[in-house]
Amino acid sequence: MSYYGFLLKKTFKNPRNFIPLLLLLLGIIGLYILNITSGDLHSYTGTAKDAYSSQKEIKDYYIRELNSHTKYSQKDIQGFKDGLQDSTEQVKWNQQIILLADQDKWSDALTNSIKILNRNIKINEEAGGNLFPSSYVKDMKNQIIVYQQLMPLNQEPDTTGYEKFGFNYVFRVMNSIFPLFFVLIISVFLVEIFLNTYKKGVNIETLLPSSFISTTIKKVLYSTVLSVSIYTVTLLISFILASAVSGKGSSQYPTLLYMYGLPETVPIWTIIVKMFSLQVLSILNIVLLIALVSFFAKNRLTTLLISLIITIGSSMAFKSIEALYKFVHLNPFTYFYSGDVVTGLMASETNNTHVTLINGFIYQGLLAIVLMTATFIVVQQKEKRQVLVKGSNVQSISK
């Protein structure tokens, strides 16, 4: 049996290794349940129904006031009439949106949504720009761009943050589960792989006749391939789950970018591919870090805690502490938040334009080189010491 076959058998023979995988599966399912339940409150159709109800109440209010015996000025009466006309049109548009959505005629429904958004933007401009906050106006303009690109696809808009369609949910899993939950799960998994050969603080693999350097390289390659495979299967399960329940959506679904002055979108598949590339490099660094720490800690819990503090702890600190924003691009673990990096959201939030995909590859690549070099040096030193120990034992036996 090859060493890789031995590692694979040893990994899945241990029942404890299935616990983190089960938790990962439950996390995917739990997140999707949360999305389809909470997301319905803010869904495209749900929002249209809420808007229909509120506009109908406003329309009824204007009708009551115009038919009342209250003496209003001519200016107020004209204001009520203008408001009644506006609310009547919006009631009609929202009613059409609901009916068209029930028939899956999303292109026509979106046409009415764009009319409503343009009307609100126009009203705000006529009011001197003081009716809505500037951020809300920007969101409306962004929505128009997304809706215009969804119309040729005849695709229902997904709920941002609560995505339910296949491709969109894969993005949500990559953006929400990877930076914290998956890193935690895979770290537990990897610590077991690297430390299951330690007996009373001694790595028994150093006592084997084969080269310890060769053994370590094989273990790093095995752990990286296995971790990437687990993550790939995780994304496939996410896609299958979401597609089976809500449909796969479209790989061309427009995703907003935040790093440019003007609103810009790219198809979601390009975002997913870029994120996956960064995350594979992140997984390699997690493997190398745990391999290196395990040589010194020689204890499962200690190795896990040190690894999590360095990876998750540093990435959260640089992302959360405002004083560190100007240095956030220098931290390789920042790029665990690959979705925020690729879409430019982190660059926008931290006002640091250096947080880019290219820099993510550069800094994570440099970290991988440093960790590989340090691991190689440590392994080489251990192997030299072992050779000296064996040599001294041979000499003592010969005497």
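Gln364 sits in helix 14, which runs over residues 357–398. At 0% relative accessibility, this glutamine counts as buried (under 20% relative accessible area, with a 1.4 Å probe and protein chains only). This is a predicted model, where local features need pLDDT of at least 70, side-chain atom pairs count only at pLDDT 80 or more, and totals for chains, interfaces and linings use all residues. Residues are numbered from 1 along each chain as its sequence is written, and side-chain values use heavy atoms, with hydrogens and water left out.

**Around Gln364**
- Setting aside neighbours within four places in sequence, Gln364 is in contact (heavy atoms within 4.5 Å) with Leu278, Leu281, Ser282 and Asn285.
- Its contacts also include Pro332, Tyr335 and Phe336.

**Overall build**
- The protein has 14 helices and four strands, taken as DSSP runs numbered from the N terminus (helices are H or I, at least four residues; strands are E, at least two).
- Its C-alpha trace spans about 120 × 45 × 35 Å along the principal axes.
- The radius of gyration, taken over C-alpha atoms, is 29 Å, against near 21 Å for a compact globule of 399 residues (2.2 Å times the number of residues to the power 0.38).

**Packing and surface**
- Of the 399 residues, 45% are buried.
- Among contacts with a separation of 6 or more, 73% come from residues 24 or more positions apart.
- About 20,700 Å² is exposed, and carbon and sulfur atoms supply 63% of that (Shrake-Rupley method, 1.4 Å probe).

Terms used
Buried < 20%, exposed > 50% of the residue type's maximum accessible area, 1.4 Å probe, protein only.
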